Amino acid sequence: MAEFTMELNDEQKEVRDWLHGFAADVIRPAAAEWDEREETPWPVIQEAAKVGIYSLDFYAQQYFDASGLGIPMAMEELFWGDAGIALSIVGTGLAAVGVLANGTDEQIGTWIPQMYGDANDVKVAAFCSSEPDAGSDVASMRTRAVYDEAKDEWVINGTKTWATNGGIANVHVVVAVVDPDLGSKGHASFIIPPGTPGCSQGQKFKKHGIRASHTAEVILDNVRVPGSCLLGGKEKLDERLARAREKAKKGGERVRNAAMATFEASRPAVGAMAVGTARAAYEVALEYATTREQFGRPIIDNQGVAFQLADMRTQIDAARLLVWRASWMAVNGKPFTAAEGSMSKLFASETAKKVTAQAIQILGGNGYTREYPVERMHRDAAIYTIFEGTSEIQRLVIARTLSGMPIR
Ligand SMILES: Cc1cc2nc3c(=O)[nH]c(=O)nc-3n(C[C@H](O)[C@H](O)[C@H](O)COP(=O)(O)OP(=O)(O)OC[C@H]3O[C@@H](n4cnc5c(N)ncnc54)[C@H](O)[C@@H]3O)c2cc1C
């Protein structure tokens, strides 16, 4: 195990500065335009692909950084640039991680390259779990996958919603019910290959923030995929289901919704996105407060303004430390005995909402207009307390983990 240090190593600093340069020179200048257009910023994704930021290699390098800080550092810098565009760039990575975590080597090798495409023909991927009646309550999922043994195919039916890149993705990763008696233990993930008949985009949502990121329903109407599209393979699934059935029988109770406790290791990444947005708004507010004059002096000369900035920066730094701790724990295989992953996401996302609102206040009338970026950052920040588990669900996970009680 590496010696404890609060310092990034030279290689990490180099990557951070390179990402910051891309965020400052390419993402930030494009942010307002794509927010207004509410469209996927394909040219920016292409630019990211050209320099190697939009690729599996880059994502894998950060993912396997032994310190655990590769992903949080990358997320913070890209989301500092702009949350909507950054989500368009990293959204594919979230689907790719689903395949990396559960897929066989062959599935990883076949599908992940098709998720990204190449710099001349970029593609995106989508991870589809949420449904109209199954958001926080993942166990209520209805999308059904039934095995057709004669053809070695899975037949999938259902409606997914709020899928980032849903319908425009080259490859969709879809979570579906394979055994309805097992709650979330009876779920499995499937690859829907490009152009599969029956898989289509439903409604595209007009959103409050992160408007450059495409969010839509995905309709699955008698979608047939080969047996090889079941992530991890049939044998592994059958073993897992047999174990879950055995456990359910022994316990004599409905299998508990495990999905609430999953994602503990991926939540710090969302916390890092929130830190990026919060830091961006704080920097704009600090600069404004030192240059804007009222009553013959910069507004930061007033404690009422300066103390707000002091609190904003303190909370951002605290959020980052929670994110880094959880990321370090994940990579070192430390058990999350106090739901430290959820803690980091909860604190960072609430901080982003608060800090971006304070930034608007510090910019006064200008803060409320689209002439300045903090208005957009505040709209963007609202997503962090909602996706990958709402703040209430994070508190539920933390409270259950701390107490061991089935708190509702
Ligand atoms: C922009 C965007 C992108 C998204 N991208 C994806 C994606 O790529 N893939 C995907 O699968 N999903 C995605 N989602 C879905 C997202 O994960 C869900 O919206 C989220 O999990 C919350 O579910 P819900 O919206 O159904 O809210 P609900 O679960 O209906 O919750 C509504 C409110 O009730 C509260 N609540 C619910 N249960 C409890 C409880 N037990 N205790 C206390 N409070 C509770 C919640 O905290 C919330 O405040 C995305 C959503 C958005 C908005």
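**Group meeting talk: a predicted model and its ligand shell**

Let me begin with a single residue, glutamine 358, which has its place in helix H10, the helix that runs over residues 340-367. What we are looking at is a predicted model, so please hear every value I give as computed from that model. Glutamine 358 has a relative accessible area of 17%, and because buried means under 20%, this residue is counted as buried. Its C-alpha atom is 9.3 Å from the C-alpha atom of histidine 378, and the two residues are 20 apart in sequence.

Now to the protein as a whole. The chain forms twelve helices and eleven strands. Its radius of gyration is 22 Å, close to the 22 Å that the globule rule gives for 408 residues, so the protein is as compact as a globular protein of that length. If you prefer to think in terms of extents, the C-alpha trace spans about 80 × 50 × 40 Å along its principal axes. As for burial, 52% of the 408 residues count as buried.

The next part concerns the ligand. How many residues surround the ligand, and which are the closest? There are 20 residues around it, and the closest are Ser130, Ser136, Trp162, Thr390 and Glu392. By character, the shell divides into ten nonpolar residues, seven polar ones and three charged ones. By domain, at least three residues of the shell come from domain 2, residues 125-250, and at least three from domain 3, residues 258-403.

Let me go through some of the polar atom pairs, beginning with the nitrogen atoms of the ligand. A nitrogen atom of the ligand lies 2.8 Å from a backbone N or O atom of phenylalanine 127. For tryptophan 162, a polar backbone atom is likewise found 2.8 Å from a nitrogen atom of the ligand. On the oxygen side, an N or O atom in the side chain of threonine 390 is 2.6 Å from an oxygen atom of the ligand. Taken on its own, the ligand has 980 Å² of accessible area, of which the protein covers 65%. Which elements give two or more residues to this shell? They are strand E3, residues 125-128, strand E5, residues 153-164, and helix H12, residues 391-403.

I would like to stay with strand E5 for a moment, since tryptophan 162 is found there. The phi angle of tryptophan 162 is near 55°, which is a positive value in a residue other than glycine. With a relative accessible area of 47%, this tryptophan is partly exposed, a figure for which only the protein chains count as cover. Asparagine 157 also has its place in strand E5, and at 30% relative accessibility it counts as partly exposed. Asparagine 157 and valine 355 are 42 Å apart from C-alpha to C-alpha, with a sequence separation of 198 residues.

A positive phi angle also turns up at glutamate 38, where the value is near 50°, again in a residue other than glycine. Is glutamate 38 buried or exposed? At 14% relative accessibility, it counts as buried, and its position is in the loop between helix H1, residues 10-37, and helix H2, residues 42-51.

The following residue, glutamate 39, brings us to arginine 211, for the C-alpha atoms of these two are separated by 7.1 Å while the residues themselves are 172 apart along the chain. Arginine 211 sits in the loop between strand E8, residues 199-204, and strand E9, residues 215-226. Its relative accessibility is 12%, and arginine 211 therefore counts as buried.

The last residue on my list is phenylalanine 79, which belongs to helix H4, residues 70-81. At 2% relative accessibility, phenylalanine 79 counts as buried. From its C-alpha atom to that of tryptophan 111 the distance is 26 Å, and in sequence these two residues are 32 apart.

Technical notes. Residues numbered from 1 in each chain as written. Predicted model: local features only at pLDDT ≥ 70, side-chain atom pairs only at ≥ 80, totals over all residues. Heavy atoms only, no water. Near = heavy atom within 4 Å. Polar contact = N/O pair within 3.5 Å; in protein donor to acceptor, adjacent residues only side chain to side chain. Areas by Shrake-Rupley, 256 points an atom, 1.4 Å probe, with all protein chains shown as cover. Helix = DSSP H or I, 4+ residues; strand = E, 2+ residues; numbered from the N terminus. Nonpolar A, V, L, I, M, F, W, Y, C, P; charged D, E, K, R; others polar. Domains from an automatic or database assignment. Rg over C-alpha atoms; globule rule 2.2 N^0.38 Å. Buried < 20%, exposed > 50% of the residue type's maximum accessible area, 1.4 Å probe, protein only.
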